[in-house]
Amino acid sequence: MAKGEQARIEAAFARGDVGVDGGSTEEVKDEAEVEQGKAREQLLRGRAYLGREFLTWLLWRSESGDALVEHDGASVTALYLGKVVLRGVAGDVTELSARGTLAPYSENVRHSLDRGLLVSQARLRISHGEREFELTLDAEFLDIRAAKLPALMTEEEDDQLTERLELTEQLSALVDALVTDFLAVRGGRAWSKQVVPAMKAWMRGEEKGSDLLSKAARAKGRDARAARG
């Protein structure tokens with residue numbers, strides 16, 4: 001075996017690309033897993049448009065007040081508060097800021113989203129069981145800013161520090177759970193066929209997007225049952 005070929009094989013083994021038998025160590029992934037992996041990689045690399053899509057999707061999903069995901073045996077809900085910043089990449093209007101208690105869910109914000117802007121920064125309240133967290137999320141790297149933690153249960157200073165660290169870790173885990181749920185939806189086949197049309201209907205005020213998505217899911221189920229019959 002040529003020295004160059006031997007060096008290439010040894011380098012591949014050192015990287016973990018091949019095993020001791022020379023075979024590939026990579027598992028064959030289906031198309032959905034590959035797409036989800038690409039979406040996660042882009043998000044972690046700071047592709048702002050995916051962060052903006054996440055915050056826009058979460059705004060739509062949160063309006064009903066229903067549980068979004070389950071984490072550690074308790075449901076997670078989200079509510080947009082106070083201020084929301086929208087940004088676009090092209091067009092006459094590239095940034096819009098709305099303030100007010102219900103401003104994120106206002107007709108003006110939905111209309112701006114329909115015209116191509118996406119949520120770039122928002123103030124949210126995330127509830128997990130009986131605990132409530134408030135935070136500002138920025139789409140660029142999904143940085144958590146100006147977080148407000150639940151009231152501490154301990155009285156000793158050292159114990160309070162430990163509890164704050166635990167609550168901070170819990171908040172980060174909740175955001176990760178929401179992001180993971182979004183990436184699963186974003187990388188799936190239903191994104192362009194069902195989710196995006198439902199979001200657009202919500203933006204235009206035709207009906208609640210979540211209602212339209214539920215109708216689409218029920219119709220898909222009926223079609224599947226009819227095909228089996």
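Which residue just after H4 takes a positive phi? Select Gly116: its phi is about 115 degrees. Keep in mind throughout that this is a predicted model.

**Whole chain**

Zoom out and colour by secondary structure. The protein chain holds 7 helices and 6 strands. Along the sequence, the pattern reads α-α-α-β-β-β-α-β-β-β-α-α-α. Now colour by accessibility. Of the 229 residues, 34% count as buried. Turn to the contacts with a separation of 6 or more: residues 24 or more positions apart account for 55% of them.

**Helix H4**

Select residues 107-114, which form H4. Show side chains. Val109, Arg110, Ser112 and Leu113 are buried. Look down the axis of H4: these buried residues fall within an arc of 160 degrees, so they line one face of the helix. Turn to the other side of H4, where Glu107 and Asn108 are exposed. Then step past the end of the helix to find Gly116 again, with its positive phi.

**H4 against H6**

Add H6, residues 190-203. The axes of H4 and H6 come within 8 Å. They cross at roughly 135 degrees. An angle over 145 degrees would count as roughly antiparallel, and 65 to 115 as roughly perpendicular; H4 and H6 are therefore oblique to each other.

Next, pick out the residues that meet. From H4, select Arg110, His111, Leu113 and Asp114. From H6, select Lys200, Trp202 and Met203. Colour this contact by class: 3 residues are nonpolar, 1 is polar and 3 are charged. Arg110 and Leu113 deserve a second look, as both are buried in H4 and both take part in the contact with H6.

**The largest nonpolar core**

Hide the H6 contact and move to the largest nonpolar core, a set of 44 residues. Select Phe54, Trp57, Leu58, Tyr80 and Val119; these touch the most other members. Now show the elements that give two or more residues to this core. Among the helices are H3 (48-62), H4, H5 (157-186) and H6. The strands are E2 (74-87), E4 (118-128) and E5 (131-138). Which element gives the most to this core? Select H5, which supplies 9 residues.

**Last stop: Tyr80**

Centre on Tyr80 and show what surrounds the residue. Leaving out residues up to four places away in sequence, Tyr80 touches Leu55, Leu58, Leu59 and Ser62. Add Thr101, Pro104 and Tyr105, which Tyr80 also touches. Finish with Val119, Ala122, Arg123 and Leu124, further contacts of Tyr80. Leu58 and Val119 should look familiar: with Tyr80, they are among the core residues that touch the most other members.

Definitions and conventions. Residues are numbered from 1 along each chain as its sequence is written. This is a predicted model: local features need pLDDT of at least 70, side-chain atom pairs count only at pLDDT 80 or more; totals for chains, interfaces and linings use all residues. Side-chain values use heavy atoms; hydrogens and water are left out. Buried means under 20% relative accessible area, exposed over 50%, partly exposed in between (1.4 Å probe, protein chains only). Helices (H or I, at least four residues) and strands (E, at least two) are DSSP runs, numbered from the N terminus. The arc is that of the directions from the helix axis to the C-beta atoms. A nonpolar core is a set of buried Ala, Val, Leu, Ile, Met, Phe, Trp, Tyr and Cys residues joined through side-chain atoms within 4.5 Å. Contact means heavy atoms within 4.5 Å. Axes are lines fitted to C-alpha atoms, for helices over the stretch in contact, and angles run from 0 to 180 degrees between N-to-C directions. Angles under 35 degrees count as roughly parallel, over 145 as roughly antiparallel, 65 to 115 as roughly perpendicular and the rest as oblique. Ala, Val, Leu, Ile, Met, Phe, Trp, Tyr, Cys and Pro count as nonpolar, Asp, Glu, Lys and Arg as charged, and the others, Gly among them, as polar.
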